[in-house]
Amino acid sequence: MDFNLKKRARHDVKVEVISLEAKYPHNVMLYHYPPTEDIHIDEFEDLALERLRLLRVFDRATTKGLRILSDDWKEYVNAEMTKDGLRGYLRMGMASSGTKHEADVQMRRRDYLSHFILRLAYCRSEDLQRWFVAREMEFFKYKFAALSTAEIKMFLDANNFQIHPLTEEQKDEVKDGLYESTVGQSVSKIELLEFYKVPFTQVLDLVRTRRCYIKAGFAYVNTHDMVSIVGARQLEEIELGMQAAKAFIADVEADERIARMIKSLHNSYTGKDYTVCRDESVPIESLDQLSKTSMPLCMRMCHEHIRSQHHIKHGGRMQYGLFLKGIGVTLEDSIRFWREEFTKKMDVDKFTRSYEYNIYHNYGKKGSMVNYTPYSCLKIIKEMAAPGDCHGCPYKTMDPTSLKAKLSAYGLSAGGIEEVMYFVSRNHYQFACGKYFMLTHNSTVEPTINHPNKYFEESQILMGNRQKRAPGPAPASNKLRTGIKGGANRSMLNGDDDDELWRIAETQEKVYQSQKGIAEAFDDDLDLTEIIE
């Protein structure tokens, strides 16, 4: 018997390694195939928040009424991208220099991945889908408008568009129509342009605005207007992709870390972190003056309420107390401020038992030891203020007559009030706040207001009391405790800054009710931490 082992034939498995440049060859891609690479959950969050900041830039441009791809629109978008630290996306909308950089290839990757991540967050309702698709199409057109004629040809070939530029003979046949229909170009420039012949149904927007020549059911489109043709394909790709994402979103949300983020992403705050003011200290003796000069309407009204009523409900204490912390009021000064006001209506022991813990908790000195983040405009606008409350966004909660009277009392002219009310009537509350800033500071530049502390900071910088500083990374203590990191804190994504405080209050309320009786439990002073006695 032959016991010699026979060698089996070896079949080497070759793993094809595709370079990033091969995966993402162009700045403008149709987002057709979902990405297959694995990414860390930290990067998943980073990409989502960065993409959200980008889309909000285009949203603000739309809200301002700027015509897409106009010079004013491009100037505004470029400036906002620069200000928001989105220089990588800014480069994608600029004409190519012809030199390849590794950073540009990495940016294409971030662009591609982040688009698909946000599909997961925005596929869950019709309103979210509508907002997302509109903003994505604006970004697509922004990038496409920067392509050269040669790059447009490459794009059409790479994406199998079965259209080709007219030959000189074909162009001569319809040149009179091209001269008449091409607006804003001289005859000499029109002769240098390339034109494409497509069914008119593919460019209905150009037909509607009379920006193309039509003959025998075909439209003749120049290079600059090709975005209408390719945009239709991109729109179809995104809409089909959103349907596909909606079909398997339940599987994605099985991971609680991802589910919490994508569910709250649209309402998350993506601006500068105002948790702690490290460079400035604001004495409480200056708050009366600062409320008139540098506080937004929401905080000024809270401050005046406290001064006149010597009390404020829990929602107002959270909103205004965290704002004070963010502008530079120390823990010791904050306790002194609240104590001095509240003890005009109650004794010191009552204040210590019922309210002092809340202040320590907000500064991260009690309970979970988390240094909580001041409320952003998005969170304040969402607040449902009840009668007798002074928190929330006044532009949203106040009726027009009362709001006009308040603005007049604060010194705005009749014309200025109408400018603010123009945005209020259209539910653009943050733009109304920006207009109020301009009018009260005699500023020629309207700031983008997305946080009350940003309003205060911009005011102080304009008045020469603070220096403008580059935003730094968020402190580690504010990272998500679910394990997701990368620049977003709890309040940015979850909006539940005071969950623990509410749980404490519920426990204390049960004790209080057993001792004091149900009737007393509905007293105004019994909401949240003031129920302790």
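# Exercises on a predicted model

Four of the five residues of strand E3 (residues 218–222) are buried, so the strand is largely enclosed by the rest of the structure. The structure is a predicted model, and the exercises below start from this strand.

**Exercise 1.** Find which strands pair with E3, and in which sense.

Solution.
- Step 1. Take strand E1 (residues 195–199): five bridges join E1 to E3, and the two run antiparallel.
- Step 2. Within this pairing, valine 198 has alanine 219 of E3 as its bridge partner.
- Step 3. Take strand E2 (residues 213–215): E2 and E3 pair over three bridges, in the antiparallel sense.
- Step 4. Here the bridge partner of isoleucine 214 is alanine 219 in E3. Alanine 219 is thus listed as partner to valine 198 and to isoleucine 214.
- Step 5. Look at the turn: the hairpin of E2 and E3 has two residues between the strands, and alanine 216 takes a positive phi near 55°.

**Exercise 2.** Decide whether the residues of the UniProt annotation "binding site" are gathered or scattered, and describe the places of cysteine 298 and cysteine 433.

Solution.
- Step 1. The annotation, from an unreviewed UniProt entry, covers Cys298, Cys377, Cys393 and Cys433.
- Step 2. These residues span 136 residues in sequence, yet no two of their C-alpha atoms are more than 10.0 Å apart, so they gather at one spot.
- Step 3. Cysteine 298 is in helix H16 (residues 297–309). With a relative accessible area of 11%, cysteine 298 counts as buried, because the cut-off is under 20%.
- Step 4. Leaving aside neighbours within four places in sequence, cysteine 298 is in contact with Gln319, Ile380, Gly392, Pro394 and Pro452.
- Step 5. Cysteine 433 lies in helix H25 (residues 429–441) and is buried too, at a relative accessible area of 7%.
- Step 6. Not counting residues up to four places away in sequence, cysteine 433 touches Pro296, Tyr395, Ile449 and Tyr455.

**Exercise 3.** Describe the largest nonpolar core: its size, its main contributor and the domains it draws on.

Solution.
- Step 1. The largest nonpolar core has 69 residues; Met81, Tyr122, Phe132, Phe144, Phe155, Leu156 and Ile262 touch the most other members.
- Step 2. Helix H2 (residues 41–63) gives the most to this core, with eleven residues.
- Step 3. Domain 1 (20–155 + 233–269) and domain 2 (160–229) each supply at least three residues to this core.
- Step 4. Another core, of 57 residues, lies apart from this one, and its members include Val282, Phe337, Cys393 and Cys433.

**Exercise 4.** Classify the ring pairs tyrosine 112 with phenylalanine 116, and tryptophan 338 with phenylalanine 342.

Solution.
- Step 1. The count of aromatic pairs comes to 28. A pair of aromatic rings is described by the distance of the centres and the angle of the planes.
- Step 2. For tyrosine 112 and phenylalanine 116 the centres are 5.2 Å apart and the planes stand at 45°, so the pair is tilted.
- Step 3. Both are buried; being four residues apart in helix H5 (residues 102–122), tyrosine 112 and phenylalanine 116 are separated by about one helical turn.
- Step 4. For tryptophan 338 and phenylalanine 342 the centres are 5.8 Å apart and the planes are at 80°, so the pair is edge-to-face.
- Step 5. Tryptophan 338 and phenylalanine 342 lie in helix H18 (residues 331–342), four residues apart. Tryptophan 338 is buried at 4% relative accessible area, and phenylalanine 342 is buried at 0%.
- Step 6. Ring pairs link tryptophan 338 and phenylalanine 342 into a cluster that also includes Tyr320, Phe323, Phe337, Phe351, Tyr355 and Phe456.

Key:
Residues numbered from 1 in each chain as written. Predicted model: local features only at pLDDT ≥ 70, side-chain atom pairs only at ≥ 80, totals over all residues. Heavy atoms only, no water. UniProt positions renumbered as here; feature names shortened; annotations may be inferred. Buried < 20%, exposed > 50% of the residue type's maximum accessible area, 1.4 Å probe, protein only. Contact = heavy atoms within 4.5 Å. Pairing = 2+ DSSP bridges. Core = buried A, V, L, I, M, F, W, Y, C linked by side-chain atoms within 4.5 Å. Domains from an automatic or database assignment. Phe/Tyr/Trp six-rings, centres within 6.5 Å; stacked < 30°, edge-to-face > 60°.
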